[in-house]
Amino acid sequence: MYTQALNTRDQAAPSADSEQDARFQARVDAELKIEPNDWMPEAYRRTLTRQISQHAHSEIVGMLPEGNWITRAPTLKRKAALLAKVQDEGGHGLYLYSAAETLGTSREEMVDQLLSGKAKYSSIFNYPTLTWADIGIIGWLVDGAAIMNQIPLCRCSYGPYARAMIRICKEESFHQRQGYEIMLALCRGTPEQKQMAQEALNRWWWPVLMMFGPSDKDSQHTDTTTRWKIKRFTNDELRQKFVDATVPQGHYLGLTFPDPALRLNEKTGHWDYGEIDWSEFKRVIAGDGPCNRQRMKQRRAAHENGAWVREAALAYAEKRKARERAAYAEAAE
Ligand code: BYC
């Protein structure tokens, strides 16, 4: 999708030159895109590599809780839609790794960081999918939260990330609708099905609110990334937008939210919500959530089992290169 050549760090060496920094910030302020070969502060490169690679890892790990349900989807239609959705997520991971590679870190390095536990991925994918209703919830709420967070990223100052996000958001929007449609079918179904939908909402609501990251007062990166126009809204702003959009959708389904403090604030027009359990969030991102170990074990196994594919692809590329070289040599004679 993007250049195959990696930009080396020397090409964009960090500079103590504040004029260079000021020129960079002026470009960002003028809403001009920063492209891979443009000069950028080393910290901008680092933070983008961190965010884009974490995002890519989240897509790849995010395939696991849903992939678990492909063989158990209740109908052929549901199975086909879920298969397509999980494939889309694999695709999103690949565009994002490509976008991150343009900043000078290879995909192999990023994957190693994931598998060694050094790199983070979204907290939400460390929760189990216990029933079919969880698949509806992932589409409705997890993809709904992802869209809320990702639409502003389509205007991110870094060109390759912004462009990747445009396509990703279109697909996420389909994912969100398929999830809501599953929820609608369950809520209009038997009392047992509605109960299953309610229990899934009870389990996922708080972890989904945590997806937006720590509250603004605890967010380490927001100030800088907002100045660089990577982030356009703070974590709390996006969380509030999500709650405002989602609560009426839940009420339309006839479901209740597991938060006694949830109420429409007549003065602000926003839904007020209760305190998030940040100790749970910290535990999950530190590796001690309900499924962290299982997810990493599955990813490591997938990586090892896929080694022969990588080797075969490399061998094929070498063979093609050798054939091309031979053809040139013959033509030059
Ligand atoms: N989980 O300073 P902060 C998807 C970390 S994919 C884990 O606010 P930032 C989907 C954060 O990394 C969903 N870690 O950070 C896929 C930082 O730690 P480090 C993923 C989290 O970057 C398949 C520390 O906490 N989406 O939706 O300004 C199927 C302090 O946070 C989380 C993206 O990646 C978390 N939830 O803001 C369905 C979107 N939250 O790195 C759906 C792009 C925070 O310093 N990313 N942390 O060690 C972003 O927009 C931002 O990176 C975040 C965090 C809003 C997530």
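This is a short talk about how one ligand sits in its protein, with a word on aromatic pairs at the end.

Okay, so before anything else: what you're looking at is a predicted model. Let's go straight to the ligand. Where is it? The ligand sits in the largest pocket.

Who builds the surroundings? Three elements give two or more residues each to the shell around the ligand: helix H2 (42-61), helix H6 (132-150) and helix H11 (278-288). H2 makes the largest contribution, with six residues. By character, the shell splits into twelve nonpolar, 13 polar and six charged residues. There are 31 residues around the ligand in total, and those that come nearest are Gln54, Lys120, Ser219, His221 and Lys231.

Now the polar contacts. Keep an eye on Lys120: one of its polar side-chain atoms lies 2.5 Å from an oxygen atom of the ligand. On the nitrogen side, a ligand nitrogen is 3.1 Å from a polar backbone atom of Met211. Then there's Gln51, where an N or O atom of the side chain is 3.5 Å from a nitrogen atom of the ligand. And how much of the ligand gets covered? On its own the ligand exposes 1,000 Å², and the protein buries 92% of that.

Last bit, the aromatics. The structure has ten aromatic pairs. Take Tyr127 and Trp204: their ring centres are 6.3 Å apart and the planes sit at 55°, so this pair counts as tilted. Tyr127 is in the loop between helix H5 (107-115) and H6, while Trp204 is in helix H8 (residues 191-210), so the pair ties together parts that are 77 residues apart in sequence.

That's my bit, thanks.

Note on methods
Residues are numbered from 1 along each chain as its sequence is written. This is a predicted model: local features need pLDDT of at least 70, side-chain atom pairs count only at pLDDT 80 or more; totals for chains, interfaces and linings use all residues. Side-chain values use heavy atoms; hydrogens and water are left out. A residue is near a molecule or strand if one of its heavy atoms lies within 4 Å of it. A polar contact is a pair of N or O atoms within 3.5 Å; within protein, one must be able to donate a hydrogen and the other to accept it, and residues adjacent in sequence count only if both atoms are side-chain atoms. Accessible areas come from the Shrake-Rupley method with a 1.4 Å probe; for residues, only the protein chains shown count as cover. On a 1 Å grid over the protein atoms alone, a cavity is a set of points where a 1.4 Å probe fits but cannot get out, and a pocket is an open set with protein on both sides within 12 Å along at least five of seven lines; lining residues have an atom within 4 Å of a point. A molecule sits in a cavity or pocket if more than half of its atoms lie within 2 Å of its grid points. Helices (H or I, at least four residues) and strands (E, at least two) are DSSP runs, numbered from the N terminus. Ala, Val, Leu, Ile, Met, Phe, Trp, Tyr, Cys and Pro count as nonpolar, Asp, Glu, Lys and Arg as charged, and the others, Gly among them, as polar. Rings of Phe, Tyr and Trp (its six-membered ring) pair if their centres lie within 6.5 Å; planes under 30 degrees apart count as stacked, over 60 as edge-to-face and the rest as tilted.
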